[in-house]
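Here's a quick briefing to read alongside the coordinates. Have the viewer open and follow along topic by topic.

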Amino acid sequence: MRIQRKNILITTPDKKRYPNQPPLLAGTSILLLMLPLGLSACGASPTPVNNPAPAADTSVKGQTEAPLEVSIMTITPSTPTASDDNVIKRAIEKATNSKMTIRWTSNNVYSDKLNIALASGDIADLTMINNPFSSNFRSMVAQGAFWDITPYIKEYPNFQKGVSPIAWESTKMADGKNYGIPRGRDENDESFFIIRKDWLDNVGLKPPTTTDELYEVMKAFKEKDPDKNGKNDTTALAAYIPSDDTTNGGGIGPVLGMIESSFTGVTGSWKLVDNKLVYTALLPEVRKSLEYNAKAFQEKLMPEDLLSLKITQVRDLFKTNKAGIIVDKSGTASRVYTTDLKKVVSDFKDTEFYPLTSINGYTPKSAGFNGILAIPKSVPEAKMKRILKLINDWMNTDVSAIQRFGFEGVHHQVINGVKVQIPDKLNADNASDFNQIVNPIDPSLDPIPTTPEGKASQELYDKVKQERSKVSIGDISTGLNSPTAQKVLPDLEKKIQDLKAKIIYGREPITAWDDFVAKMKADPSVIKMSEEMTQAYLKRVGK
């Protein structure tokens, strides 16, 4: 395939303020409550060549409108970020008749940068909102700050094909309307524990199925030289405590939080007990998980600098053969970590990434989305419709294939009729970063392994997904609304997270948790929000 490169007009970020911009919450600190980070960008995979990615000079037939100039804000796991003249970006722009100015923002600081943008009113035309159910986003929606796209969804057929019905249902606000396009995800491939199978073999242990067995594995990964280099230089958990994690009743990061969920059996912050929703922080199992995590920290089974590490540094622990357990999506592991790990472990195989089925019988079930793409009301209706069309066109198989596979001979090769990636080339051109904007669920782009190793790895992932689907537990509180919770949770969850971190670090005794829980149980606001959440749940299930 010959690639002709043309000069591309680069637009500057849209700093314009529109007169119909609704006011934001006065005197309120904007703090979006982020969903747990899965630690990964959904990556690319081989696919049949019947849907080839267009080259950079592909023209759009029948195109009469000027290119849509649109500003976009989203996360990126990459450093450096994709440039304005990135070859993948230019090809997508050509195929969708657009000129995109993208505010790529690191996972490490996305929450802060997004809060600043929202507070200042400098909101991109298309903005990724990690948690559409944060109290502040709900409040902004109530003020009319974002477009209700419900009346327009049916006009764009790919919205139904590329996003599952459960995602559209899960992201509705209390008024039953959608204020963003869900970033679709496989509901049975939520982030969960991935463990190094070769390390397990080296220490003579099997994949753990309980928290007790997991602890035994962690001890061995720290003390029994799992990488066989003769040095005591490994840790078990690639973990950290992000400052803005307010999930699961005051979160402590994806890894330690997943341990907590394995004790409680809960995805999210609410558990149904005797037909009532109970805030997870009040559950006795949370106390047990705190003792477990505190002991693991004191025994150095996780990094000592939990509070200062960033997500990229946590990934680096796993990539550089220094940690043996991480939380991520099963099919993502080989795409995100293999290239770097093979630089350290030359004979490493993808099958050594072993995704666990469950711990204590628990594995999380996705709500079918990971954040939404929202359009502020400052965008005129005509432009809003063109942005929706942009996303719809981007979901076409031939367009989404651009970021999945790039160009033949550059980013992939065709072997026996199947596109096979050249990972280093795709990574160099930041191809997977564009999945952070639009990444439809498209079976025609599912992986088709061409090597024995690839086939074995895919068979493992498929088996794990099938087993997970039998026991996975979703977040029953997704989409439920409590006015009291909107007021009290931001401050409460921050206090919970701070206390959990202090107990894990050994700066506070476990009895401090007992005292805190006793106060929460007697707090009228906590009681009221529990009643409101229960009422909202019962109304939804028709009781």
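Two strands count as paired if DSSP finds at least two bridges between them. With that in mind, strand β1 (residues 68-76) and strand β3 (residues 126-129) run parallel and are joined by two bridges. Keep in mind that this is a predicted model. Below is a tour of the sheet, a hairpin, a helix pair and some aromatic rings.

**The five-stranded sheet**

- β1 and β3 belong to an open sheet of five strands, and the order across it is β2-β1-β3-β11-β4, with mixed pairing.
- At the edges sit β2 (98-106) and β4 (181-184), each of which pairs on one side only.
- Going from one strand to the next, the twist averages 25 degrees.
- If you want a specific spot on the β1/β3 pairing, look at I72, whose bridge partner in β3 is L126.
- When you're picking out side chains here, remember that in a regular strand they alternate between the two faces of the sheet.
- Helix α12 (residues 381-394) lies across β1, β2, β3, β4 and β11 (369-374). Relative to β1, helix α12 runs at about 60 degrees.

**A hairpin**

- Strand β12 (residues 412-415) pairs with strand β13 (residues 418-421) in the antiparallel sense, over four bridges.
- Q413 is the residue standing opposite V420 in β13.
- The two strands, β12 and β13, make a hairpin with two residues between them. In that turn, N416 has a positive phi of about 55 degrees, in case you're checking backbone torsions.

**Helices α7 and α9**

- Helix α7 (residues 211-223) packs with helix α9 (residues 284-298) at an angle of about 10 degrees, and their axes are 12 Å apart.
- Angles under 35 degrees count as roughly parallel, so α7 is roughly parallel to α9.
- On the α7 side, the contact is made by T211, L214, Y215 and M218, while α9 brings in Y292, K295 and A296.
- Sorted by class, that contact has five nonpolar residues, one polar and one charged.
- Also in helix α7 is E216, which counts as partly exposed because its relative accessibility is 47%.
- E216 and L205 are 11 residues apart in sequence, and their C-alpha atoms are 8.8 Å apart in space.

**Aromatic rings**

- A pair of aromatic rings is described by the distance of the centres and the angle of the planes.
- The structure holds 16 aromatic pairs.
- One of them is F263 with Y292: the ring centres are 5.3 Å apart and the planes are at 70 degrees, so the pair is edge-to-face.
- F263 lies in helix α8 (residues 254-264) and Y292 in helix α9, so this pair ties together parts that are 29 residues apart in sequence.
- Y292, one of the α9 residues in the contact with α7, counts as buried because its relative accessibility is 9%.
- W270 and Y279 also form an aromatic pair, this one tilted, at 5.3 Å centre to centre and with 50 degrees between the planes.
- Are W270 and Y279 buried or exposed? W270 counts as buried at 5% relative accessibility, and Y279 counts as buried at 0%.
- Finally, F318, Y337, F348 and F353 form one aromatic cluster.

Definitions and conventions:
Residues are numbered from 1 along each chain as its sequence is written. This is a predicted model: local features need pLDDT of at least 70, side-chain atom pairs count only at pLDDT 80 or more; totals for chains, interfaces and linings use all residues. Side-chain values use heavy atoms; hydrogens and water are left out. Axes are lines fitted to C-alpha atoms, for helices over the stretch in contact, and angles run from 0 to 180 degrees between N-to-C directions. Contact means heavy atoms within 4.5 Å. Angles under 35 degrees count as roughly parallel, over 145 as roughly antiparallel, 65 to 115 as roughly perpendicular and the rest as oblique. Ala, Val, Leu, Ile, Met, Phe, Trp, Tyr, Cys and Pro count as nonpolar, Asp, Glu, Lys and Arg as charged, and the others, Gly among them, as polar. Rings of Phe, Tyr and Trp (its six-membered ring) pair if their centres lie within 6.5 Å; planes under 30 degrees apart count as stacked, over 60 as edge-to-face and the rest as tilted. Buried means under 20% relative accessible area, exposed over 50%, partly exposed in between (1.4 Å probe, protein chains only).
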